[in-house]
Amino acid sequence: MPVVLVARPLQPSLEWNRRLQTIERECAGSASLYMLPDIKAVDSFRAAIGEHHRVAPGAVRTYLTEVDPAWRGDAPRHRFLPVARLSDPADQAWRGVYRTVQRLSTGAVMPEALRNVMFPDDDGRRRSAERQAALAVEVSSAELAQLTRENQDLRELLAGADEDLQEAARNEELSKQTIASQEEQLLDAWATMEDDADTAQRALDEAERARAESDILRRRLREAGQYEDAVVAEPPAGVPNSFEELWERLEWLDGILVTADKETALSLDESERARVWAAKAWNGLRALDSYAQAAKDGFNGGFYEHCKQGRAGTVTWPLKQVAMAESETTMNKWGFERVFAVPPEVDGSGRSEMQAHLKLEGKGSACPRIHFFDDAKGATGQIVVGYIGPHLHNTKTN
């Protein structure tokens with residue numbers, strides 16, 4: 001759920017206090033609420049989270065899930081209202097804070113822990129209808145026979161009712177399983193949609209930055225009298241539409257050495273999301289190639305540091321979509337699946353463990369991954385890509 005963070009203003013304001021009380025009341029139960037009580041807390045929080053995700057004195061900010069302080073482009077996702085707007089009686093934008101929280105709460109799926117909660121059955125349907133009672137009176141044989149027949153009829157009725165209850169219980173259990181499955185699919189679809197939105201936002205940000213750099217370089221060439229060099233006769237190709245097309249472009253990346261099985265990679269083209277995965281895989285390989293080139297130029301950090309710093313002219317990959325190691329449990333059980341081919345100069349056996357990987361998708365049955373070995377500062381001076389394909393087994397594999 002979201003987090004609502006408020007910083008106390010430097011000067012007291014009755015209007016600010018009144019509106020804050022309303023925000024707290026309307027957000028209770030739908031978000032976590034915190035307050036920075038003084039300027040020291042504000043400065044400490046800014047130092048911890050960074051300049052782009054900070055909260056100024058008197059401001060309120062709603063942080064959505066998957067906050068990424070390392071990425072400047074993530075900051076606009078989290079609603080921010082300054083003290084001036086919160087204290088202005090004519091400004092009603094502050095109501096959007098709790099309305100956003102309530103909308104997200106209403107649209108969220110039922111938590112898994114609450115899906116199977118059973119409440120007491122208070123209508124008495126499951127109470128046994130058979131009760132033994134001591135007969136304190138003598139009955140004739142005819143009366144006894146009549147009571148026996150009635151008792152038998154009641155037993156048959158109870159047996160039929162019991163079958164109906166069992167059938168209703170089976171239908172109820174099937175309905176619960178169906179609802180749980182649909183909620184899980186909804187959750188996966190929501191996560192995929194957010195991931196695609198983040199990818200699109202990042203792509204737009206990188207495209208705008210590339211366009212600005214291109215305009216600056218063209219202007220400099222024209223100022224230097226190199227008019228012909230400022231015009232690109234043949235525009236470069238865009239992202240590949242399939243893994244088959246991606247495979248044909250591997251020779252363009254000098255810093256990459258792919259030993260991965262081609263058929264495994266091309267099997268991803270059978271999915272309806274193949275076009276999205278192929279585009280993301282191409283950007284991931286370009287980021288690895290960019291890191292290999294940076295290492296040749298003297299960059300001292302690893303691939304993670306390369307993506308985190310995001311230096312001008314480099315290609316990076318989102319930090320939350322890269323993992324440099326697997327868990328100990330995963331390696332103990334399925335570590336053998338993460339051993340892939342490498343050149344003999346890297347490892348005399350021609351095989352090496354590759355825990356580091358890029359995540360092309362976080363949810364779904366395939367969840368493609370790219371596993372690689374960092375030899376940028378080693379014998380080959382390249383990144384060895386040993387696997388491109390569906391997610392390998394781990395502790396979360398269904």
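Student: What makes the space of about 40 Å³ the second largest cavity?

Tutor: On a 1 Å grid over the protein atoms alone, a cavity is a set of points where a 1.4 Å probe fits but cannot get out. Its volume is the space filled by probe spheres set on the points, which are joined across faces, edges and corners. By this rule there are 2 cavities of 30 Å³ or more, and the second largest has about 40 Å³. The model is predicted: local features need pLDDT of at least 70, side-chain atom pairs count only at pLDDT 80 or more, and totals for chains, interfaces and linings use all residues. Residues are numbered from 1 along each chain as its sequence is written, and side-chain values use heavy atoms, without hydrogens and water.

Student: How do you know which residues line the second largest cavity?

Tutor: Lining residues have an atom within 4 Å of a point. Those of the second largest cavity are V6, W16, R19, L20, I23, V60 and L86. Helix α1 (residues 14-27) gives the most, 4 residues; helices are DSSP runs of H or I, at least four residues, and strands are runs of E, at least two.

Student: Why are both faces of strand β3 called covered?

Tutor: Buried means under 20% relative accessible area, with a 1.4 Å probe and protein chains only. V60 and T62 on one side of β3 (residues 60-63), and R61 and Y63 on the other, are all buried.

Student: What makes β1 and β3 a pair?

Tutor: Two strands pair if DSSP finds at least two bridges between them. Strand β1 (residues 3-7) and β3 have 4 and run antiparallel, so they pair.

Terms used
Buried means under 20% relative accessible area, exposed over 50%, partly exposed in between (1.4 Å probe, protein chains only). On a 1 Å grid over the protein atoms alone, a cavity is a set of points where a 1.4 Å probe fits but cannot get out, and a pocket is an open set with protein on both sides within 12 Å along at least five of seven lines; lining residues have an atom within 4 Å of a point.
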